[in-house]
Amino acid sequence: MTTASIKIHLRDLGMTFDGKGNGTSIRVFERITLEAREGEFVCIVGPSGCGKTTLLNIIAGFVKATEGDVLIDGSPVHGPDRRRVFIFQECGIFPWLTVEQNIGFGIMDRSRREQKEHIDHYITMVGLTGFGNAYPSELSGGMRQRVEIARALVSNPDVLYMDEPFGALDYFTRLRMRAELISIWEREKKTILFVTHDVEEAVQLADRVVVMSRRPATIRTVIDVRLPRPRDLDSLHYIEVRNKIFEAMGLDHSGLGVHEKSPAPL
Amino acid sequence: MKKRLEVLLLPLLVVFLFVSVWHIAVKVSGSEIFPTPVEAIAGIAELFRYGVLFKYIVASLFRVSIGFLLALIIGIPAGLLIGWFSRAFYAFNPIIQVLRPISPIAWIPVAILWFGLSDLAPIFLIFLSSLFPILTATMAAVQNIQLVYLRAASNFGVRGLALFKKIILPATMPQIITGVRLALGVAWLVVVAAEMIAVNSGLGYLIIDARNAGKRYDLVVAGMILIGAIGLCLDLLIRRLQRLDEVRWGFQSMMQ
């Protein structure tokens, strides 16, 4: 692909959760080594409970790994940083602030005029014009998720971490949000790490899809998605990539992989 | 439309029934002492003519305001700190849990010993009785803050005092308001009890004085009606807080 520099480098990450006093500890994942290039869109898929969210929390600096380290632009991560913004599965916008106040949260140190310009720009970008003074409880799930994306973008971070951000949305909203995310990403060229359990979603979005195994999880395979955008969900290549991921994940389902023995084409 | 009519008429009907049963019961029993509803209302009018009605109401409200305000000023910041810093929690929680279940009424002799028969005694009792609901509600609220809000805040570099101001306080405000509402209810209960013993003004004093000085039960019941009505007004006032934009989110499920 391109010769962009390495943005995120995971070096032999491992994570064990201590059991709560009863001596049992949980080995979540081990030997996770991965590189993401600047501006790359990487999706991480895997069965539920495989530690995808924990992995993303570690990369973002919210949680400390028990082994290995996370390097960003070559230096180790010691905590969260406003240059890399996390978008939460449970929706992390503040219900006590209006849409405008939420979006401006990351740039409160700037001049009032600059804030207003940025807020207006991103409110328009995510299609929430006219909702600036609304409170999150007055918005639909899709709109709230857009507020969070706008809040993340407004402080102009290099990296976005997205943890199943569209998981709680209905089918059509989800499709539209994916399309909007891609157009934003193409414009703003952020590096994106996107966790999902939805294989379709991963193939629609990613440059590369990282497939994790069950706990204790390792990276089973990394699949390049060399498909032009916008992606044609009916193209043979798309289905081929999707099946490859299913296969990689299917190996986890005690050999009952659905696509393992698909009939040979006529 | 039909629903609104029901909401209005049904409670009125129940009140009417209650008052009727009260009236009939007094008449049937032939009690000379216990007032009928009409006599109780006449009692309120009499208090007004004597010029003690507003004086006593103001005296009670004054004591509640001061004690309650002190409890707010101390309880909310202390609750935020104890809820947030685990060391403070380990240190203070046990003593709070021991003091909390002691009825404010049990403190009356102590309050009289310390403050004498002055306004300070009931103010102290109201402070105590409203402090614990506010303190414990605030502590619990801080400990229940959703992790995503704290993570989002740390992601944007918010920490220290700004974290308290921008995240912890607003995130806990709905639960704090619930505690404050509870505390005001308790404070209003306690002021009446305290005034029966420690002072010679206020609605509690009115009740005990009316009984002692000539078995004026019409004035006793008049006092009770006033206490109920003012308590309701105080609660309605506090409930308005729940409708503020900044905290409405915390009460949404209750309102649906």
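**Notebook: rings, helices and odd backbone spots**

I began with Tyr90(B), which counts as exposed because its relative accessibility is 61%. For the record, buried means under 20% relative accessible area, exposed over 50%, and partly exposed in between, with a 1.4 Å probe and protein chains only.

Ground rules before going on. This is a predicted model, where local features need pLDDT of at least 70, side-chain atom pairs count only at pLDDT 80 or more, and totals for chains, interfaces and linings use all residues. Residues are numbered from 1 along each chain as its sequence is written, chains are lettered from A and ligands numbered from 1 in the order in which they are written, and side-chain values use heavy atoms, with hydrogens and water left out.

**Entry 1: aromatic rings**

I looked up the aromatic pairs and found 24 over all chains. Rings of Phe, Tyr and Trp (its six-membered ring) pair if their centres lie within 6.5 Å; planes under 30 degrees apart count as stacked, over 60 as edge-to-face and the rest as tilted.

Tyr90(B) pairs with Phe89(B): the ring centres are 6.5 Å apart and the planes stand at 65 degrees, so I noted the pair as edge-to-face. Phe89(B) has 22% relative accessibility and therefore counts as partly exposed.

Next I checked Trp114(B) and Phe115(B), an edge-to-face pair with 6.5 Å centre to centre and 80 degrees between the planes. Trp114(B) is exposed at 52% relative accessibility, while Phe115(B) is partly exposed at 29%.

Which residues form one aromatic cluster? I wrote down Phe94(A), Trp96(A) and Phe105(A) from chain A, together with Tyr149(B), Phe156(B) and Trp249(B) from chain B.

**Entry 2: chain B as a whole**

I then stepped back to chain B, which has 11 helices and zero strands. Helices (H or I, at least four residues) and strands (E, at least two) are DSSP runs, numbered from the N terminus. The C-alpha trace of chain B spans about 75 × 60 × 30 Å along its principal axes. Of the 256 residues in chain B, 44% are buried. I also looked at contacts in chain B between residues at least 6 apart in sequence: 74% of them join residues at least 24 apart. Contact here means heavy atoms within 4.5 Å.

**Entry 3: H8 against H9 in chain B**

At what angle do the axes of H8(B) and H9(B) cross? Helix H8 (residues 161-197) and helix H9 (residues 203-212) of chain B cross at roughly 45 degrees, and their axes come within 6 Å. That makes H8(B) oblique to H9(B). Angles under 35 degrees count as roughly parallel, over 145 as roughly antiparallel, 65 to 115 as roughly perpendicular and the rest as oblique. The axes are lines fitted to C-alpha atoms, for helices over the stretch in contact, and angles run from 0 to 180 degrees between N-to-C directions.

On the H8(B) side I listed Trp188(B), Val192(B), Glu195(B) and Met196(B), which meet Leu203(B), Gly204(B), Tyr205(B), Ile207(B) and Ile208(B) in H9(B).

**Entry 4: two buried residues**

Is Gln242(B) buried or exposed? Gln242(B) is buried, with a relative accessible area of 13%. Gln242(B) sits in the loop between helix H10 (217-241) and helix H11 (252-255) of chain B. Neighbours within four places in sequence aside, Gln242(B) contacts Ile177(B), Arg181(B), Val247(B), Arg248(B) and Phe251(B).

In chain A, I picked Gly142(A), which lies in helix H4 (residues 141-154) and counts as buried at 5% relative accessibility. Not counting residues up to four places away in sequence, Gly142(A) touches Leu169(A), Thr173(A) and Met177(A).

**Entry 5: backbone oddities in chain A**

Most residues other than glycine have a negative phi, and most peptide bonds are trans. I went looking for exceptions.

The bond joining Arg215(A) and Pro216(A) is cis, with omega about -10 degrees. Pro216(A) is in the loop between strand E9 (208-212) and strand E10 (219-224) of chain A. Another cis bond runs from Arg229(A) to Pro230(A), with omega near -5 degrees. I found Pro230(A) in the loop between E10 and helix H7 (236-250) of chain A.

For phi, I noted Asn156(A), which is not a glycine yet has a positive value of about 50 degrees. Asn156(A) lies in the loop between H4 and strand E7 (159-163) of chain A. Lys189(A) also has a positive phi, near 50 degrees, and belongs to the loop between helix H5 (171-188) and strand E8 (191-195) of chain A.
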